[in-house]
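Subject: Structure for your review, with notes on pockets, sheet and helices

Dear colleague,

I am handing over the structure below, followed by an account of what was found in it. Please read the notes with the coordinates open beside them.

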Amino acid sequence: MRITFIGGGNMASAIIGGLLARQHQPADFCVIDPQPATRDGLRQRFGLRTEGAPSADALAADVVVLAVKPQQMQQVAESLAPLMGSQLVISIAAGIRIGDLARWLGDYDRIVRAMPNTPALIGEGITGLVASASVDAAQRETAQRILDAVGQSVWVDDESQIDAVTAVSGSGPAYVFHFIEAMEQGAIALGLPPEHARRLAIATFTGAARLAADSDEPPAVLRERVTSKGGTTAAALAVMAQRHVAAHIGEAMSAARQRSIELGDELGKANG
């Protein structure tokens, strides 16, 4: 399977690295990027082919992964339109809707829209996927195999649900980092040295997340098992309940979803 990446940034590099670790070969890939330093770095790191601009030969692939900034997508897609044949197109650009991308590609309709997140950079990501109606089962499997190289993936039935995926997992790493920051600062305020505060906060978060991932029981049950009546955890959770922390997290996610919708509108109109 030949895969051409348009854009050779961090996410493209992570996916290529993940696929190479899964028995793909450097000859399977071509990366098109206008930056010489980016191309040089990719050739040195992976030993793969790079090009500075699209060409019919470079686009003669089974899959084309669009890994450019959303603001660049229209210009890039329009430059690719004359070169499209029967390739599966996977877009990992945030906010770009399938309909807009299809129009810029010259009414091309074999498109999967993907919403990965930054833990993909260490192979621990999760990606939301949605496909246009013309994408068949084999192409869906191909798209999932490519994104699973950097973690896990889930399919949604309606493209509007990608905005919810963005609010949960796309923006979600920032929520986690924010919570870790708060725990770290809280630990320092309680008198712990900063280096201990950070280690304790991060290890607690990663350990608890791994425990939840490995357990068949829902997080609510795991939480209850840690919470003894009248104990320290119960005291802490009581404060969170009084401050409506769970409700505020839900409100924050709703705001992220709404902004995702707005960005899709803005990018489609601005580049339409």
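I begin with the second largest pocket, where α1 (10-20), α3 (73-80), α6 and α11 each supply at least two residues of the lining. Please keep in mind throughout that this is a predicted model. Of the elements that take part, α11 gives the most to the lining of this second largest pocket, namely 5 residues. The lining comprises 40 residues in total, and those that lie nearest the centre of the pocket are A67, V68, K69, P70 and Q72. The space in this pocket comes to about 960 Å³, and by class its lining divides into 19 nonpolar, 18 polar and 3 charged residues.

The largest pocket holds about 2,600 Å³ of space. It is lined by 48 residues, of which V176, F179, F205, A208 and A209 are the closest to its centre. Two or more lining residues come from each of β7 (125-131), β8, α6 (161-170), α7 (172-189), α8 (194-214), α9 (219-226), α10 (232-242) and α11 (245-270). As to the classes present, the lining of the largest pocket has 29 nonpolar residues, together with 14 polar and 5 charged ones.

Two of the helices that contribute to the largest pocket, α7 and α8, also form a helix pair whose axes come within 8 Å and cross at roughly 140°. The angle falls short of the limit of over 145 degrees for roughly antiparallel, so α7 counts as oblique to α8. The crossing in which α7 passes α8 is right-handed.

A second helix pair is formed by α1 and α2, the latter covering residues 36-46, with axes that come within 12 Å and cross at roughly 15°. Because angles under 35 degrees count as roughly parallel, α1 is described as roughly parallel to α2. For α1 and α2, too, the crossing is right-handed.

Turning to the strands, 8 of them form an open sheet with mixed pairing, in the order β3-β2-β1-β4-β5-β6-β7-β8. At the edges stand β3 (49-51) and β8 (151-155), each of which has a single partner strand, so that one side of each is left without a neighbour in the sheet. On average, neighbouring strands of this sheet are turned by 25° against each other, direction ignored. Within the sheet, strand β5 (residues 88-91) pairs with strand β6 (residues 111-115) in the parallel sense, over 3 bridges, and V112 in β6 is the residue that stands opposite I90.

One link between the sheet and the pockets may be useful when you look at the model: β8, which is an edge strand, is among the elements that give two or more residues to the lining of the largest pocket.

With best regards

Definitions and conventions
Residues are numbered from 1 along each chain as its sequence is written. This is a predicted model: local features need pLDDT of at least 70, side-chain atom pairs count only at pLDDT 80 or more; totals for chains, interfaces and linings use all residues. Side-chain values use heavy atoms; hydrogens and water are left out. Two strands pair if DSSP finds at least two bridges between them. Helices (H or I, at least four residues) and strands (E, at least two) are DSSP runs, numbered from the N terminus. Axes are lines fitted to C-alpha atoms, for helices over the stretch in contact, and angles run from 0 to 180 degrees between N-to-C directions. On a 1 Å grid over the protein atoms alone, a cavity is a set of points where a 1.4 Å probe fits but cannot get out, and a pocket is an open set with protein on both sides within 12 Å along at least five of seven lines; lining residues have an atom within 4 Å of a point. Grid points are joined across faces, edges and corners, and a volume is the space filled by probe spheres set on the points. Ala, Val, Leu, Ile, Met, Phe, Trp, Tyr, Cys and Pro count as nonpolar, Asp, Glu, Lys and Arg as charged, and the others, Gly among them, as polar. Angles under 35 degrees count as roughly parallel, over 145 as roughly antiparallel, 65 to 115 as roughly perpendicular and the rest as oblique. A crossing is left-handed if the near helix is turned anticlockwise from the far one by less than a right angle, and right-handed if clockwise.
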